[in-house]
Amino acid sequence: MRRIATAAPPAAKGHRARRAASASTSVAIAIVLALACRAANAGSATANLSVSATVQSVCAASANSMAIAPYTALGGPVTGSATITVKCTSDLAFKVQLGPGATPGGSISQRLLSNGSQSLQYNLYTTSNLTSIWGDGTTGVTLSGMTSSEGLSTSLTVFAELPDSVMNRLATPGIYSDQVTVTITY
């Protein structure tokens, strides 16, 4: 017995066509995705970014005010002291210099305090025995130091003496002052 092929009903033809179209669409999407992935992974490049920083050498200084003990003529010399604080970059050598003061006529060897036109003699020293006048690097002595590896502050004491000199004995009562510049070189 021989079988005769019959045509598929029209509904079956549409179903097969839709399945074939769906399969074609799936294949097309897969090809597009494959090409997109291939394009995204087509290559790469690298570069090195150099990074650097510079630590500056820097120092700062501060000084508290110094008040010399009250002076009385023929009462002998009077003294005072103050602290100079130096803070520098770690492991940095420095030198501390003191100027002659702002009072006219003052010098490293003989600083002066003033009250109007009146003056009092005094000086600044590096040690409590008052033997080394603290100077500016050209006259007198300077103190040198080295900051710690942690960059901590260094404190230095400056000592003062107001002698019982003839000039000081002639001074009239009042408040006498001077301004001394502290210079840090490093």
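**Group meeting: strands, core and two loop residues**

Strand 3 and strand 8 run antiparallel to one another, paired over four bridges. I should say at once that this is a predicted model. Within that pairing, Val-96 has Ile-184 of strand 8 as its bridge partner.

The pair belongs to an open sheet of three strands, ordered 6-3-8, with antiparallel pairing. At the edges are strand 6, residues 143-146, and strand 8, residues 182-185, each pairing on one side only. From one strand to the next, the twist averages 25°.

Val-96 comes up again in the largest nonpolar core, which has 22 residues. The members that touch the most others are Ile-84, Val-86, Phe-94, Val-96, Trp-134 and Val-158. Which strands each supply at least two residues of this core? They are strand 2 (78-88), strand 3 (93-98), strand 5 (118-125) and strand 7 (154-162). Strand 2 gives the most, with five residues.

Now the loops on either side of strand 2. As background, most residues other than glycine have a negative phi. Two residues here go the other way. Leu-74, in the loop between strand 1 (59-63) and strand 2, has a positive phi of about 65° although it is not a glycine. Is Leu-74 buried or exposed? Leu-74 has a relative accessible area of 68%, so it counts as exposed, the cut-off being over 50%.

The second is Asp-91, which sits in the loop between strand 2 and strand 3. Asp-91 is not a glycine either, and its phi is positive, at about 55°.

Terms used
Residues numbered from 1 in each chain as written. Predicted model: local features only at pLDDT ≥ 70, side-chain atom pairs only at ≥ 80, totals over all residues. Heavy atoms only, no water. Core = buried A, V, L, I, M, F, W, Y, C linked by side-chain atoms within 4.5 Å. Buried < 20%, exposed > 50% of the residue type's maximum accessible area, 1.4 Å probe, protein only. Pairing = 2+ DSSP bridges. Axes fitted to C-alpha atoms, helices over the stretch in contact; angles between N-to-C directions.
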